[in-house]
Amino acid sequence: MLSLRRYQPLLYYDNVCPVLFPFSRRLQEEEQQLRTSSLPAIPNPFPELCSPASSPVLSPGGMLLMPKHLIVKIFSEDGIGKVVEIPADMTARDLCQLLVYKSHCVDDNSWALVEHHPLLGLERCLEDHELVVQVQASMTSDSRFLFRKNYAKYEFFRSPLTFFPEHMVAWCQETNHTIPPSQLLKNFLATSSCPEIQGYLYVKDFGRKSWKKVYMFLRRSGIYCSTKGTSKEPRHLQLLADLEDSNIFTVITGKKQHGAPTDYGFCIKPSKGRGELKELRMLCAEDEQGRTCWMTAFRLFKYGIVLYQNYKIPQQRKTLLSHFSAPVRSVSENSLVAMDFSGRIGRVIDNPVEAQSAAMEEGHAWRVRHNLGFSGFIFKIFSAVIHIAQLWFHGRITREESHRIIHQQGQVDGLFLLRVSQSNPKAFVLTLCHHQKIKHFQILPCEEDGQVFFSLDDGATKFTDLIQLVEFYQLNRGVLPCKLKHPCTVVAL
């Protein structure tokens, strides 16, 4: 028997809507109000330059004060937008938590705000500390914010060697030995160290459709290309982009829109640019691991220890909230356990073989209870459609569409969804990500004693419905390359 607990986060209520604020920021706001409350505001000397409704006021320091609240529009995956009024100093993390609260989602710290440019075919996940208003000011009229899952946002802190292969890290090549994961991350986060990412990339020339394969170097100061083979000499290095004033985007329409040689394109875009093609540095890697390495290193070099602090904040909040309420339990391999309630008290089943046997016995007991009369007929109908309400079930989507969703939500091990099979209308398909590769497993119906079951191992393990199947493989790997850990979720705002 499985159970999940949800928790109600602590909320500070604003005069517009409930917003999650860190405790430290609330104190900073009160201190700022105390410092400026005794200083008079100076009227705007040029009111004709501003609309009467939103005319800003000059602060005593001479700077224009932003309005206390601003309007942003957020879109969900189904294309439906929602207007939200937020404080001018709200971060991307706070806005995600507000949307989670309003949409009644489970807050598992994997939600992200995505900056999407449809005309350019670019998108990126905002960092948790970025101010939403500042990012919105740099976006064009066709750009939009998306609310989406991103399980890979901080995955490199958990398994850095997966994200940084040794042949791409110059420090690993120079020391000529395997680097411990903790030491590898310390080198990326410490400002005193000089790590470097190296390797071949395809680069698109400005104003041309052609792509050129060049040896590249990524350092804290920027991304460079070598004009002579793989030479690192300063006279052979040419600066392509500065990290401080740029953001890195995933190219989602590389081959079709930009003529890229592979599907693993990314782009470096100036933070304050107008979003024109001539301002973009279009790059392309050989494979997904290469693209992930370049983009992750870019984020680490630009933000450094701030990224690690963003990663730690949810854990610190969880510790703080544990003093007031039950701890958060997310759907992962550590939050679901097989339980046996046949005795007076429940016990955890540690042996996978025993867990599988218990699941089969429970399913048999259900069939005996519900296989007779009208109630058995209702149960059959219910078990055949109960999966439709599950967040991991995406209905009748194509194979290509399932790939797109997996790519968007992070490509971490155990990321999965279920869909209706295109080749067999009575069957289903489990789409699973493992080692940044997407695999498909067909779930076939099978009949025994007039009862329909579902199985993905040719009937060796049978389940009465898809929910039972998913819960089993969240606990046991079985014939799969890994357990089911992260469901691909699409939420309507």
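**Entry 1: the largest cavity**

I began with the walls of the largest cavity in this predicted model. Its lining consists of R93, C96, Q97, V100, D107, N109, S110, W111, D128, K153, Y154 and P314. I then looked up the space inside, and the volume comes to about 110 Å³.

Which helix gives the most to this lining? Helix 2, spanning residues 92-103, does so with 4 residues. Sorting the lining by class, I noted 5 nonpolar, 3 polar and 4 charged residues.

**Entry 2: the second largest cavity**

How many cavities of 30 Å³ or more does the structure hold? I found 2, so I turned to the second largest, by the cavity criterion of a 1.4 Å probe that fits but cannot get out. Here the volume is about 30 Å³.

E115, S138, N247, F249, K269, P270 and S271 form the lining of this second largest cavity. Strand 12 (246-251) and strand 13 (265-270) each contribute at least two of the lining residues. By class I wrote down 2 nonpolar, 3 polar and 2 charged residues for this lining.

**Entry 3: the nonpolar cores**

Next I went to the largest nonpolar core, which has 38 residues. Which of them touch the most other members? They are F164, I197 and M216. Helix 9 (residues 288-303) supplies the largest share of this core, with 8 residues.

I picked F164 and listed its contacts, leaving aside residues up to four places away in sequence. F164 touches F156, V169, L184, F188, I197, C293, T296, A297 and L300. I197 thus turns up twice in my notes: as a contact of F164, and among the residues that touch the most other core members.

There is also a second, separate core, this one of 23 residues. L70, I86, A92 and W111 are among its members. I was pleased to meet W111 again, since W111 also lines the largest cavity.

As a reminder to myself, nonpolar side chains tend to be buried together in soluble globular proteins.

**Entry 4: L480**

My last stop was L480, in the loop between helix 14 (466-475) and strand 21 (486-487). Is L480 buried or exposed? L480 counts as buried because its relative accessibility is 3%, and the cut-off for buried is under 20%.

What does L480 touch, beyond residues up to four places away in sequence? I listed L430, L432, F441, L456 and Y473. I also checked L480 against G414: these two are 66 residues apart along the chain, and their C-alpha atoms are separated by 9.8 Å.

Notes
Residues numbered from 1 in each chain as written. Predicted model: local features only at pLDDT ≥ 70, side-chain atom pairs only at ≥ 80, totals over all residues. Heavy atoms only, no water. 1 Å grid on protein atoms, 1.4 Å probe; cavity = no way out; pocket = protein on both sides within 12 Å on 5 of 7 lines; lining within 4 Å. Points joined across faces, edges and corners; volume = space filled by probe spheres on them. Nonpolar A, V, L, I, M, F, W, Y, C, P; charged D, E, K, R; others polar. Core = buried A, V, L, I, M, F, W, Y, C linked by side-chain atoms within 4.5 Å. Buried < 20%, exposed > 50% of the residue type's maximum accessible area, 1.4 Å probe, protein only. Contact = heavy atoms within 4.5 Å.
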